[in-house]
Amino acid sequence: MRVIVRVKGFLREIYTKRELLLELAKRDFQQQYMGSYLGFIWVFLQPLLFISVLYLIFSFGLKSGGNVGDVPFVVFLITGMIAWFHMAENFSAMANSISQHAFLLKKVDFRLSLLPIVKLMSSFIPHVFFILIAFIIAFINEIYLSAYAIQIVYYYFSMIMLLLGMGWITSATKIFISDISKIVSLLVSFGFWLTPIFWDINKVPSQYQWIVKINPASYIVQGYRDSVITHVWFWERPYETLYFWSITIFVLIVGVIVFKRLRPHFAEVV
């Protein structure tokens, strides 16, 4: 019970700082592109170029890639990749979010727990642009927008909740253990191949599919595809949904506890 009260107080404190969060996210977003000639155009140009290359390669260069069921492989690939890249990019960025702002560690009145959230918020616009491109590519391949697309909001929220807990854990421990960044990079590298991004989970024998599904990222990747391609509601996957939220809530609680316990000692080790 004490843990629940602590978590609620922690989250309430963050909510009261929502205006500061928006301002910090805006600044972080601007700093990513400050000093470049094209400025904010890179927000749209980078994902557009990347997905264009993928589309050309798998639509024309590698026609042998075929379909995944009735779905063109390029649509299957891109809908999975937009979810994975957002997770991987933020997981890596959030781990370093506090160590990169060491000058704030001695400011007692500043809520360092906001920094991982800032990273999530500043990456929102590029991710939305990725999603719009995925819809366009699906439309080109005669996969049309439907009511199922609205549940991308749910899967995005699910992803954010998981990342938030992971971000608080890794950003806090990174202050004391510098190897955390390397561990995160390793997890991202292995996770890329262990998540069904380039391959279809249905190709795995049914008795072994649980090994893939214990990876929470698989739930998000499959969810994006359910929203755009396969048209399956999230409540039609009750066991996967229950498992994902059990893991996510656990990670969130651990993240809050770890962060609150380590926060008073940040300035001592910097």
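## Basis of the description

A residue is called buried when its relative accessible area is under 20%, exposed when it is over 50%, and partly exposed in between, with a 1.4 Å probe and protein chains only. Helices are DSSP runs of H or I with at least four residues, numbered from the N terminus.

The model is a predicted one, in which local features need pLDDT of at least 70 and side-chain atom pairs count only at pLDDT 80 or more, while totals for chains, interfaces and linings use all residues. Residues are numbered from 1 along each chain as its sequence is written, and side-chain values use heavy atoms, with hydrogens and water left out.

## Helices α6 and α7

In α6, the buried residues include Pro126, His127, Phe129, Phe130, Ile131, Ile133, Ala134, Ile137 and Ala138. The expected span of a helix is 1.5 Å times one less than its number of residues; for the 17 residues of α6 this gives 24 Å, and the end C-alpha atoms lie 25 Å apart, which agrees.

After α6 comes glutamate 142, placed in the loop between α6 and α7. Its phi is near 65 degrees, a positive value in a residue other than glycine, and at 61% relative accessibility glutamate 142 counts as exposed. Helix α7, residues 152–174, has 23 residues and reaches 31 Å from its first C-alpha to its last, close to the 33 Å expected. Because 19 of these 23 residues are buried, α7 is largely enclosed by the rest of the structure.

## The nonpolar core

A nonpolar core is a set of buried Ala, Val, Leu, Ile, Met, Phe, Trp, Tyr and Cys residues joined through side-chain atoms within 4.5 Å. The largest such core has 66 residues, and those with the most contacts inside it are Val75, Trp84, Trp168, Ile220 and Tyr224. The elements that give two or more residues to this core are α2 (18–33), α4 (73–95), α5 (114–122), α6 (124–140), α7, α8 (180–194), α10 and α11 (238–262), and α4 gives the most, with 15 residues.

Contact is taken as heavy atoms within 4.5 Å. Leaving aside neighbours within four places in sequence, tyrosine 224 is in contact with Thr79, Ile82, Ala83, His127, Ile131, Ile152, Tyr155, Tyr156 and Met159.

## Polar residues in α8 and α10

Serine 181, in helix α8, is buried with a relative accessible area of 18%, and, not counting residues up to four places away in sequence, serine 181 touches Asn96 and Lys174. Glutamine 222 lies in helix α10 and counts as buried at 19% relative accessibility; leaving aside neighbours within four places in sequence, glutamine 222 is in contact with Ile201, Thr230 and Arg237.

## Partly exposed positions

Leucine 56, in helix α3 (residues 41–61), is partly exposed, with a relative accessible area of 49%. Its C-alpha atom is separated by 8.9 Å from that of valine 74, the two residues being 18 residues apart along the chain.

Isoleucine 214 is found in the loop between α9 (209–213) and α10 (216–230) and is partly exposed, with a relative accessible area of 42%. Together with Tyr208, Trp210, Ile211 and Tyr243, Ile214 makes a nonpolar surface patch of about 520 Å². Histidine 231, in the loop between α10 and α11, is partly exposed as well, at 27% relative accessible area, and has a phi near 55 degrees, a positive value in a residue other than glycine.

Definitions and conventions:
Patch = residues over 30% accessible without salt bridge, like charges linked within 9 Å, V, L, I, M, F, W, Y side chains within 5 Å. Areas by Shrake-Rupley, 256 points an atom, 1.4 Å probe, with all protein chains shown as cover. Salt bridge = Lys/Arg side-chain N within 4 Å of Asp/Glu carboxyl O.
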